[in-house]
Amino acid sequence: MRTFFVLLRRELGALFLSPVAWAAFTFFLVVMGASFWMLLDQLTVGAEATEGGAVVGQLLGSIFFWLALFLTVPTLTMRTFAEEHRSGTLETLMTAPVRDGAVVLAKYTAVWIFYVLLWLPTLAYALALRFLAPAGAPLDPGALAAGYLGVLLIGAMALAAGVLVSALTRNPVVAALACFAMIFVFFLAGFIPYLPLGATLTRSVHYASGVTHLLDFSRGVVDTRPIAFYLINTAWLLWAAVQAVEARRWQ
């Protein structure tokens, strides 16, 4: 456990000193700020979003969330292994008496903490909506908490996928593009339940639809099945990353 915290401190230090990470932070705030401004504009002109859950859905469940996810997660995770391999520091780390699982978990935890910090400023948007929203559009605290839970769960799985592809390649750009492609495919798959397909296929894909899950969370609907889906997928993606690092150690 002590080794893990030493590695975590190392990863957090490198992450917070990375210009790329802060560029991702800035881009994220710009995108979510634009989402907040558009939501305020809709509320000002009397948009149809009159329920607290609908307001949270427009704040967290809009296309802006996915746009931010597409670019921030690959940017944060591409450096975890691929960047270190390119710079030559990964070989030094691999010769240290540390377990591969601890290395993967420390790198993953560092980017997950940074991802959580990305979302902390958006709590100010929620507080502002509580005072600025018209009387007919109150902000539901339960829907807000559930919405942030969905955001963190989807982000956790996306970050795990990014760590995995970073462990599989030596090129940070390739790692970022591969992570972007995986998240984009997951996003597109979320619209399959809305297509005129068979009932069985539609019902099956519905359980793996990130778009549907985020909309449900933003309405305050907390179902254990999506939670289990993201936790299990995050776990096996990290396990696969550990296997990839172990295979690289023996190359």
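A salt bridge, as the term is used here, is a side-chain nitrogen of Lys or Arg within 4 Å of a carboxyl oxygen of Asp or Glu. By that criterion Asp216 forms a salt bridge with Arg219, the closest N and O atoms being 3.2 Å apart. The structure described here is a predicted model, and a search of the whole of it finds 5 salt bridges.

**Charged pairs**

The table sets out three of these pairs with their N to O distances.

| Acidic residue | Basic residue | N to O distance |
|---|---|---|
| Glu11 | Arg79 | 3.7 Å |
| Glu11 | Lys107 | 3.0 Å |
| Asp216 | Arg219 | 3.2 Å |

Glu11 appears in a salt bridge with Arg79 and also in one with Lys107. The pair of Glu11 and Lys107 ties together parts that are 96 residues apart in sequence, because Glu11 lies in helix 1 and Lys107 in helix 7, which spans residues 100-119. The side chains of Glu11 and Arg79 also meet in a salt bridge, and this pair links distant parts of the chain, with Glu11 in helix 1 (residues 2-16) and Arg79 in helix 5 (residues 79-87), 68 residues apart. Together with Arg10, the residues Glu11, Arg79 and Lys107 are linked in a network of salt bridges.

How accessible are these charged residues? Glu11 is buried, with a relative accessible area of 2%, and Arg79 is buried as well, at 14%, while Lys107 is likewise buried. For the pair nearer the end of helix 12, Asp216 is partly exposed, with a relative accessible area of 25%, whereas Arg219 counts as exposed at 51%.

**Helix 1 against helix 7**

Two packed helices are described by the angle between their axes and the distance between the axes. The axes of helix 1 and helix 7 come within 8 Å and cross at roughly 45 degrees, which makes helix 1 oblique to helix 7. The crossing of these two helices is right-handed. On the side of helix 1 the contact is made by residues including Phe4, Leu7, Leu8, Glu11 and Leu15, and on the side of helix 7 by residues including Ala106, Lys107, Ala110, Phe114 and Leu117.

Ahead of helix 7, Arg99 lies in the loop between helix 6 (89-94) and helix 7, and at 71% relative accessibility Arg99 counts as exposed. The C-alpha atoms of Arg99 and Phe4 are separated by 9.1 Å, although the two residues are 95 apart along the chain; Phe4 is also one of the helix 1 residues that make the contact with helix 7.

**The nonpolar core and helix 12**

The largest nonpolar core has 69 residues, and those with the most contacts inside it are Phe65, Trp66, Leu69, Tyr115 and Trp119. Helix 9 (residues 141-168) gives the most to this core, with 15 residues. Which residues does Trp66 touch, leaving aside those up to four places away in sequence? They are Ile154, Phe186, Phe187, Gly210, Val211 and Leu214.

Gly210, Val211 and Leu214 are also among the buried residues of helix 12, which include Thr212, His213, Phe217 and Ser218 as well. Because 7 of the 9 residues of helix 12 (residues 210-218) are buried, this helix is largely enclosed by the rest of the structure. Just after helix 12, Gly220 takes a positive phi of about 90 degrees.

Key. Residues are numbered from 1 along each chain as its sequence is written. This is a predicted model: local features need pLDDT of at least 70, side-chain atom pairs count only at pLDDT 80 or more; totals for chains, interfaces and linings use all residues. Side-chain values use heavy atoms; hydrogens and water are left out. A nonpolar core is a set of buried Ala, Val, Leu, Ile, Met, Phe, Trp, Tyr and Cys residues joined through side-chain atoms within 4.5 Å. Buried means under 20% relative accessible area, exposed over 50%, partly exposed in between (1.4 Å probe, protein chains only). Helices (H or I, at least four residues) and strands (E, at least two) are DSSP runs, numbered from the N terminus. Contact means heavy atoms within 4.5 Å. Axes are lines fitted to C-alpha atoms, for helices over the stretch in contact, and angles run from 0 to 180 degrees between N-to-C directions. Angles under 35 degrees count as roughly parallel, over 145 as roughly antiparallel, 65 to 115 as roughly perpendicular and the rest as oblique. A crossing is left-handed if the near helix is turned anticlockwise from the far one by less than a right angle, and right-handed if clockwise.
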